[in-house]
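Reader: I am new to this structure and would like a close look at one part of its surface. Please start there, and then lead me slowly on to what else deserves attention.

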Amino acid sequence: MEVKHLINNIASSAKESKSLSDLIDEALIPQGVDIPKPESILELNGIPVFTKKSISTLVGKAKSGKTTVTSWLASRSISNLKVLWVDTEQGQYYASRTQHWILLMAGMTTSENLKFYDLKIHNPNKRVEMIQVLIEEYKPDIVIIDGIRDLVFDINSPEEATLMLGDLMRWAEEFNCHILSILHLNKGNDSARGHLGTEMINKSETVMKVELEEDKRLIVCSPEYTRSEPFQSFAFDRDDRGIPQIVDGFSGKITTKAGDNRSRQINPSDYELSVHKEIISQAFKGSESLSYGELQNAIIVACELYDMPIGVGKSKVFIQHYLQQEIVLKIGKDGKKSMYIPKQ
């Protein structure tokens, strides 16, 4: 999106101010009318975690894995939902690495459903203006603000906190999306930082807490506060390349559902590593190596055994995922036909 386009968007998006009477009329809750429940757009084990027109907060101390958990949530969403990620503190290199993680965990190389912006160099007022334009332009289902503290000048200002929460709730309502904000906890205690943190906790639909286990090996995400039933805690480790991997069996199987009631596409990121290893074992049963076409057919057949019906197109996505995760290796150089083998 060009700068000129952003400026034109800001100008064109200005709306005529409504009268106080109009605002009061719109705020009246009618009687005798069934108001529909908020649309759930992300569920964990069948429990709604994020709904449209609401805001949530993910909290944790510095370097506890907040971005890691949020990356996983985004990776589980981009097959069906449009995700806008706004980063205010990492800079382009680290933000690019986070985006790579999301795509890798989703089994993709690129995705039109993910837009990632680095606003680190801008001041708080400009960031707020740009975020509103991006939401208006992209119309995302989920907005992730990695560094909500950087949208205000003083985190302890009641006035700024009130105005910021007003903007977040207005954006969620007007643009029919869910907004997840990432916020640091105080170093000396487990309280969210500043007056802004207090207000974020009070207004959030879901508050997720991220912390490192004592040995600092696992990143654990737990429900701190929820309006609905609390979801089950889950944990992450990192592989030898630093890529986040959900821990099998930490507290039971974690399943996700993103989007509305349409049939959800089958993607590699929907399944744990142990399932993929079983699929590969089945695919290579009786064969030391396979050509690309043979591997496609074998994966289609193996997935069918696990109630994962996929076609030729989706089998390519699975193969790409297996190569990225190094579950399957590609061999053959110098003009020889490439073959594929399971990693031993």
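Author: Leu 20, Leu 23 and Ile 24 make a nonpolar surface patch of about 320 Å². A patch is built from residues with over 30% relative accessible area and no salt bridge, nonpolar side chains (Val, Leu, Ile, Met, Phe, Trp, Tyr) being joined within 5 Å and like charges within 9 Å; accessible areas come from the Shrake-Rupley method with a 1.4 Å probe, and for residues only the protein chains shown count as cover. This is a predicted model, in which local features need pLDDT of at least 70 and side-chain atom pairs count only at pLDDT 80 or more, while totals for chains, interfaces and linings use all residues. Residues are numbered from 1 along each chain as its sequence is written, and side-chain values use heavy atoms, with hydrogens and water left out.

Within the patch, Leu 23 belongs to helix α2, which covers residues 20-27; helices (H or I, at least four residues) and strands (E, at least two) are DSSP runs numbered from the N terminus. Leu 23 has 43% relative accessibility and therefore counts as partly exposed, since buried means under 20% relative accessible area, exposed over 50%, and partly exposed in between (1.4 Å probe, protein chains only).

For the setting of this patch, the chain as a whole exposes about 18000 Å², of which carbon and sulfur atoms supply 51%. Of the 344 residues in the chain, 47% are buried, and its secondary structure comes to ten helices and 14 strands.

Helix α8 (residues 273-283) offers a view of the buried part, with Val 275, His 276, Ile 279, Ile 280 and Ala 283 all buried. These residues lie on the same side of α8 because they cover an arc of only 135° around the axis, the arc being that of the directions from the helix axis to the C-beta atoms. The buried residues of α8 pack against α9 (292-305) and α10 (312-324), and also against β13 (328-331) and β14 (339-342).

Charged side chains add another kind of link, and the structure holds eight salt bridges, each a side-chain nitrogen of Lys or Arg within 4 Å of a carboxyl oxygen of Asp or Glu. In one of them the side chains of Asp 141 and Lys 52 meet at 3.1 Å, N to O. This pair links distant parts of the chain, 89 residues apart, with Asp 141 in the loop between α5 (124-138) and β6, and Lys 52 in the loop between β2 (47-51) and β3 (54-60). Asp 141 counts as buried at 14% relative accessibility, and Lys 52 counts as buried at 11%.

Lys 53 forms a salt bridge with Glu 173, the closest N and O atoms being 3.9 Å apart. Because Lys 53 lies in the loop between β2 and β3 and Glu 173 in helix α6, the pair ties together parts that are 120 residues apart in sequence. Lys 53 is partly exposed at 39% relative accessibility, and Glu 173 is partly exposed at 44%. Another bridge joins the side chains of Lys 115 and Glu 112 at 3.5 Å, N to O; here Lys 115 is partly exposed, at 26% relative accessibility, whereas Glu 112 is exposed, at 64%. Salt bridges that share partners also join Asp 167, Arg 170 and Glu 174 into one network.

Two serines show polar contacts, which are pairs of N or O atoms within 3.5 Å; within protein, one must be able to donate a hydrogen and the other to accept it, and residues adjacent in sequence count only if both atoms are side-chain atoms. Ser 204 sits in the loop between α7 (194-203) and β8 (206-212) and is buried, at 7% relative accessibility. A polar contact of 2.7 Å joins its side chain to that of Thr 57, and a polar atom of the Ser 204 side chain lies 2.6 Å from the backbone oxygen of Met 200. Leaving aside residues up to four places away in sequence, Ser 204 touches Ile 55, Ser 56, Thr 57 and Arg 227, where contact means heavy atoms within 4.5 Å. Ser 157, in the loop between β6 (142-146) and α6 (158-174), is buried at 11% relative accessibility, and its side chain reaches the backbone nitrogen of Glu 160 at 3.1 Å.
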